[in-house]
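Biologist: I'd like to learn how to read a model like this one, feature by feature. Could you take me through it?

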Amino acid sequence: MTNAQILAACRSNWEYRGIDDASMREMLDELSAHLEDAEAAGRTAQDVVGGNVRTFAAAWARARTPLPRRMLRSASIGCYFAGWVLLIPYLTRWTTQLDVTPGNLAFWVVLAAVTIAWKLRRGSLGFRRSWAVALFVALPAGILVDRLAGDGPLFTLPLWAPPLLLLPGLPYAVADLRARRSGAA
């Protein structure tokens with residue numbers, strides 16, 4: 001992997017994690033200097049970043065961003081996606097109330113817990129891993145709870161609940177969209 005590829009991979013990882021532009025430029029400059037120093041000393045880029053660039057970038061981002069801030073962002077984005085996922089059944093069934101069963105609740109709680117724990121620990125799950133977590137962890141949990149607790153509704157969720165869940169993550173979603181647009185321009 002070339003120095004430019006390493007810098008690009010780190011940049012995209014840090015953009016995804018919401019590192020501000022000034023900090024990101026500083027981190028990229030520092031990493032670039034380390035890579036150049038390593039080249040001058042006859043070492044490879046892997047000696048600086050290790051075998052996995054994404055893991056290196058995630059570790060540096062975690063060190064740069066305090067845990068409470070990462071947790072707030074993760075919880076807000078989780079609520080944002082949960083709001084959109086919950087809104088879909090309302091729109092497809094043309095209803096104003098949604099019955100929540102124990103299996104549905106277990107599926108989404110397990111999926112959210114594993115996804116957030118993975119994201120805080122190792123970084124982004126990615127599309128394939130998130131589907132794998134859904135199929136191999138959350139789906140069996142939902143089915144098991146459905147078998148044990150039955151499929152009767154626990155509670156009814158009104159139509160105003162999903163838009164309310166969208167609110168905490170809205171500022172992060174807008175900031176991410178703006179960052180992508182400014183990066184593409």
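Modeller: Sure, and keep in mind that this is a predicted model. Let's start from one residue, Leu139, which sits in helix α7 (residues 126-149).

Biologist: Is Leu139 buried, partly exposed or exposed, and why?

Modeller: You read that from relative accessibility: under 20% is buried, over 50% is exposed, and partly exposed lies in between. Leu139 comes out at 37%, so it counts as partly exposed.

Biologist: Which residues form a nonpolar patch on the surface with Leu139?

Modeller: Its partners there are Trp131, Leu135, Phe136, Val137 and Ile143. Together with Leu139 they offer about 610 Å² of accessible area.

Biologist: On to the strands. Which side chains of strand β1 are buried, and which are not?

Modeller: Look for alternation along the strand. In β1 (residues 97-100), Leu98 and Val100 point to one face and are buried. Gln97 and Asp99 point to the other face and are not buried.

Biologist: In what sense do β1 and β2 pair, and over how many bridges?

Modeller: The pairing of β1 with β2 (residues 155-158) is antiparallel, and there are four bridges. For Asp99, the bridge partner in β2 is Thr156.

Biologist: Let's turn to backbone angles. What is the phi of Trp94 near?

Modeller: The general idea is that most residues other than glycine have a negative phi. Trp94 has a positive one, near 50 degrees. You'll find Trp94 in the loop between α5 (67-93) and β1.

Biologist: And is Trp94 buried or exposed?

Modeller: Trp94 has 79% relative accessibility, so it counts as exposed.

Biologist: Zooming out, how many helices and strands does the protein chain have?

Modeller: Eight helices and two strands. Reading from the N terminus, the order is α-α-α-α-α-β-α-α-β-α.

Biologist: Why is the protein chain called more spread out than a compact globule?

Modeller: You compare its radius of gyration with what the globule rule gives. Here the radius is 20 Å, well over the 16 Å that the rule gives for 185 residues, so the chain is more spread out than a compact globule. Along the principal axes, the C-alpha atoms fill a box of roughly 65 × 35 × 25 Å.

Biologist: What share of the residues is buried, and what about the surface and the contacts?

Modeller: Buried residues account for 30% of the 185. The accessible surface is about 12000 Å², with 63% of it belonging to carbon and sulfur atoms. As for contacts between residues at least 6 apart in sequence, 77% join residues at least 24 apart.

Key:
Residues are numbered from 1 along each chain as its sequence is written. This is a predicted model: local features need pLDDT of at least 70, side-chain atom pairs count only at pLDDT 80 or more; totals for chains, interfaces and linings use all residues. Side-chain values use heavy atoms; hydrogens and water are left out. Patches are made of residues with over 30% relative accessible area and no salt bridge: like charges are joined within 9 Å, nonpolar side chains (Val, Leu, Ile, Met, Phe, Trp, Tyr) within 5 Å. Accessible areas come from the Shrake-Rupley method with a 1.4 Å probe; for residues, only the protein chains shown count as cover. A salt bridge is a side-chain nitrogen of Lys or Arg within 4 Å of a carboxyl oxygen of Asp or Glu. Buried means under 20% relative accessible area, exposed over 50%, partly exposed in between (1.4 Å probe, protein chains only). Two strands pair if DSSP finds at least two bridges between them. The radius of gyration is taken over C-alpha atoms; the globule rule is 2.2 Å times the number of residues to the power 0.38. Contact means heavy atoms within 4.5 Å.
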